[in-house]
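Before any label attached to a protein model is accepted, it is worth asking what stands behind it. The exchange below takes up such labels one by one.

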Amino acid sequence: MDTFIPRPGGGRILRLFARNPLIRRSDRLESLVLILAVTVVLAAAPIAGAIGTAIHSSRAAVYQEQMATRHAVTATVLEDSASTVRPYALFFDVHARWSDRGITHEDTFGWGQPAKAGEQLTVWVDRQGTYAGPPTPPGRAVSDAVIAAVVLWLSVLTLVVAVTTLVRFRIERRRHAQWDRGLRGLVGDDGGRTSSDH
């Protein structure tokens with residue numbers, strides 16, 4: 001009496017290298033494609049992690065530099081702000097004047113809410129006293145890195161799934177065509193129809 005021993009997880013690899021005459025070339029090809037797909041997806045994870053780490057390092061340096069080179073000053077709005085519609089946001093163009101290290105500066109910049117003439121605003125300027133916007137918090141580098149790594153890995157996963165699905169679809173079509181030819185061969189070239197007219 002033969003004993004059947006299931007081998008979960010190793011079936012695809014065994015099918016690829018087994019000498020069983022019942023295993024078709026299409027079965028081996030399908031196993032190879034699936035093994036390659038899993039390998040590519042698993043290999044993409046550390047690569048995405050490395051790219052995320054590199055992005056974190058570069059962004060953290062940029063954000064630290066912003067914190068070190070920008071400072072806040074008080075600006076006076078010269079005229080009522082005008083609204084500007086930008087993608088996914090509504091901004092207000094503010095024309096203001098401020099003094100930094102004894103030098104008076106005047107500029108128009110985007111602001112998140114309307115401002116009236118004479119209103120005092122706290123704005124961020126660089127070492128030359130030019131408006132530069134608020135510095136990005138250094139903690140933002142972590143979220144930038146995680147998002148970049150996840151998006152990269154999901155892109156690879158999506159591409160691999162699409163290619164694998166396409167290959168398996170073509171293999172299945174070929175199998176069905178082979179089955180159809182085999183069945184027609186069993187019943188005759190005429191598909192089993194008789195020569196009678198009724």
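What follows is a set of questions and answers about this predicted model.

Q: How many helices and strands does the chain have, and in what order do the elements run?
A: The secondary structure comes to three helices and five strands, and from the N terminus on the elements run α-α-β-β-β-β-β-α.

Q: Why is Asp144 called buried?
A: Asp144 has a relative accessibility of 12%, and because buried means under 20%, the residue falls in that class. Asp144 is found in helix H3, which spans residues 140-187, and buried residues make up 24% of the 198 residues in the chain.

Q: What makes the pair of Asp144 and Arg59 a salt bridge?
A: The closest N and O atoms of Asp144 and Arg59 are 3.2 Å apart, and since a salt bridge requires a side-chain nitrogen of Lys or Arg within 4 Å of a carboxyl oxygen of Asp or Glu, the pair qualifies. This pair links distant parts of the chain, with Asp144 in helix H3 and Arg59 in helix H2, 85 residues apart. Arg59, at 37% relative accessibility, counts as partly exposed, while Asp144 is buried.

Q: What other residue does Asp144 meet in a salt bridge, and what do the bridges link?
A: The side chains of Arg140 and Asp144 meet in a salt bridge at 3.2 Å, N to O, and both residues lie in helix H3, four residues apart, about one turn of the helix. Arg59, Arg140 and Asp144 are thus linked in a network of salt bridges.

Q: How do you know that Arg97 and Glu106 form a salt bridge, and why are both called partly exposed?
A: Their closest N and O atoms are 3.1 Å apart, which is within the 4 Å that the term requires. Arg97 has a relative accessible area of 39% and Glu106 has 44%; because partly exposed covers the range between 20% and 50%, both values belong there. The structure holds four salt bridges, as a total.

Q: Why is Gln66 called buried, and what does its side chain lie beside?
A: Gln66 has a relative accessible area of 15%, and because the cut-off for buried is under 20%, the label applies. A polar atom of the Gln66 side chain lies 2.9 Å from the backbone nitrogen of Thr136. Not counting residues up to four places away in sequence, Gln66 touches Pro135 and Thr136.

Q: Which residues make up the largest nonpolar core, and which strands supply at least two of them?
A: The core has 12 residues in all, among them Val73, Val94, Trp98, Phe109, Trp111 and Val123. Strands E1, E3, E4 and E5 each supply at least two residues of this core. Leaving aside neighbours within four places in sequence, the contacts of Phe109 include Val94, Ala96, Trp98 and Val123.

Q: Why is Arg101 called exposed, and what is its phi?
A: Arg101 has a relative accessible area of 62%, and because exposed means over 50%, the residue earns the label. Arg101 lies in the loop between E3 and E4, and its phi is near 55°, a positive value in a residue other than glycine.

Q: Which residues form a nonpolar patch on the surface, and why can Val142 belong to it?
A: The patch is formed by Val142, Val146, Val150 and Leu154, with about 310 Å² of accessible area together. Val142 is at 45% relative accessibility, so its value meets the requirement of over 30% for patch residues.

How values were computed:
Residues numbered from 1 in each chain as written. Predicted model: local features only at pLDDT ≥ 70, side-chain atom pairs only at ≥ 80, totals over all residues. Heavy atoms only, no water. Buried < 20%, exposed > 50% of the residue type's maximum accessible area, 1.4 Å probe, protein only. Polar contact = N/O pair within 3.5 Å; in protein donor to acceptor, adjacent residues only side chain to side chain. Contact = heavy atoms within 4.5 Å. Core = buried A, V, L, I, M, F, W, Y, C linked by side-chain atoms within 4.5 Å. Patch = residues over 30% accessible without salt bridge, like charges linked within 9 Å, V, L, I, M, F, W, Y side chains within 5 Å. Areas by Shrake-Rupley, 256 points an atom, 1.4 Å probe, with all protein chains shown as cover.
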